[in-house]
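Colleague: I'm new to this one. Could you show me the structure and walk me through it?

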Amino acid sequence: MDGNGRWAAGRGLPRLEGHRRGVEALRRTVRAATDLGVEYLTFFSFSSENWRRPAQEVSDLMGLLKLFIRRDLATLHDSNVRIRVIGGRDDLSPDIRALLDEAETTTRGNTALTLVIAFNYGARAEIVRAARRIALGVMEGVIAPSSIDENLFARHLDTTGIPDPDLLIRTSGEQRVSNFLLWQLAYTEFVFVEQHWPDFDRSTLEDAIREYGRRDRRFGALSSAEAKVG
Ligand code: IPE
Ligand code: MG
């Protein structure tokens, strides 16, 4: 979700207004994705590197997350949305940790869209956390080093149980991964859109999904057409 700041600057508004409108775009997108039958939707809402922003902006973003959970949890739960949070929990304030835990616990049994919120998330840190969990398992004698394979590793990531993304959409014209889901994006299709995140809507999502449908996913093998020709 990139471009909140630029969206605001372009209108002579404070960055916070861009972030507020970003939350509205998030609500819109969750609804659109649910309607379209998307099963997993992940938002990169705060990166472990975003702490480097000015203290006021960091506190504004924390405030918006709290507001979002407090205001939207009931609605999301009613819509049968399951919430999962990925990212480091330890350096978050107790009130935010409690809200994230509540969101996950309340919606645990829901079966429509899974909404994955990447908060205080960085992919390298996630991979390191997984390595640490596995090392502990080895130390405790519950994991044999010879059993460590890609499957086992993936099960120790924050995203355990969540399939790898089919499609990544990055807004605002940036064409970087920015430490997002480095392990999980191995075969993901990327779509870059010029729109700033606060302008993102159902039609942008539909266009991206249409574009995804035109891609030929090979996973290192041959395309189905080539395979038939032999
Ligand atoms: C994305 O918008 C929102 C978050 C990172 C939380 P930005 O804040 O990165 O907006 P730009 O990149 O400055 O336009
Ligand atoms: Mg940005």
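Modeller: Sure, one term to begin with: a polar contact is a pair of N or O atoms within 3.5 Å; within protein, one must be able to donate a hydrogen and the other to accept it, and residues adjacent in sequence count only if both atoms are side-chain atoms. This is a predicted model, where local features need pLDDT of at least 70, side-chain atom pairs count only at pLDDT 80 or more, and totals for chains, interfaces and linings use all residues. Residues are numbered from 1 along each chain as its sequence is written, chains are lettered from A and ligands numbered from 1 in the order in which they are written, and side-chain values use heavy atoms, with hydrogens and water left out.

Colleague: Which residue has a polar backbone atom 2.9 Å from an oxygen atom of ligand 1?

Modeller: Let's go through the contacts. D2 has a side-chain N or O atom 3.0 Å from a ligand 1 oxygen, and R15 places a polar side-chain atom 2.9 Å from an oxygen of ligand 1. The backbone contact, at 2.9 Å, belongs to G5.

Colleague: How much of ligand 1 does the protein bury?

Modeller: Using the Shrake-Rupley method with a 1.4 Å probe, ligand 1 taken alone exposes 380 Å². The share of that buried by the protein is 86%.

Colleague: Which element gives the largest share of the shell around ligand 1?

Modeller: The shell has 13 residues, meaning those with a heavy atom within 4 Å. Helices here are DSSP runs of H or I with at least four residues, and strands are runs of E with at least two. Two or more shell residues come from each of α1 (4-9), α2 (15-36) and α3 (55-78). The largest share, 3 residues, comes from α1.

Colleague: Is D2, the salt-bridge partner of R6, buried or exposed?

Modeller: A salt bridge puts a side-chain nitrogen of Lys or Arg within 4 Å of a carboxyl oxygen of Asp or Glu, and the closest N and O atoms of R6 and D2 are 3.4 Å apart. Buried means under 20% relative accessible area, exposed over 50%, and partly exposed in between (1.4 Å probe, protein chains only). R6, at 36%, is partly exposed. D2, at 18%, is buried.

Colleague: Why does the pair R215 and E189 tie together parts that lie apart in sequence, and how many residues apart are they?

Modeller: Their closest N and O atoms are 3.0 Å apart. R215 sits in the loop between α7 (202-213) and α8 (224-229), while E189 belongs to strand β5 (residues 189-192), so the parts they tie together are separated in sequence by 26 residues.
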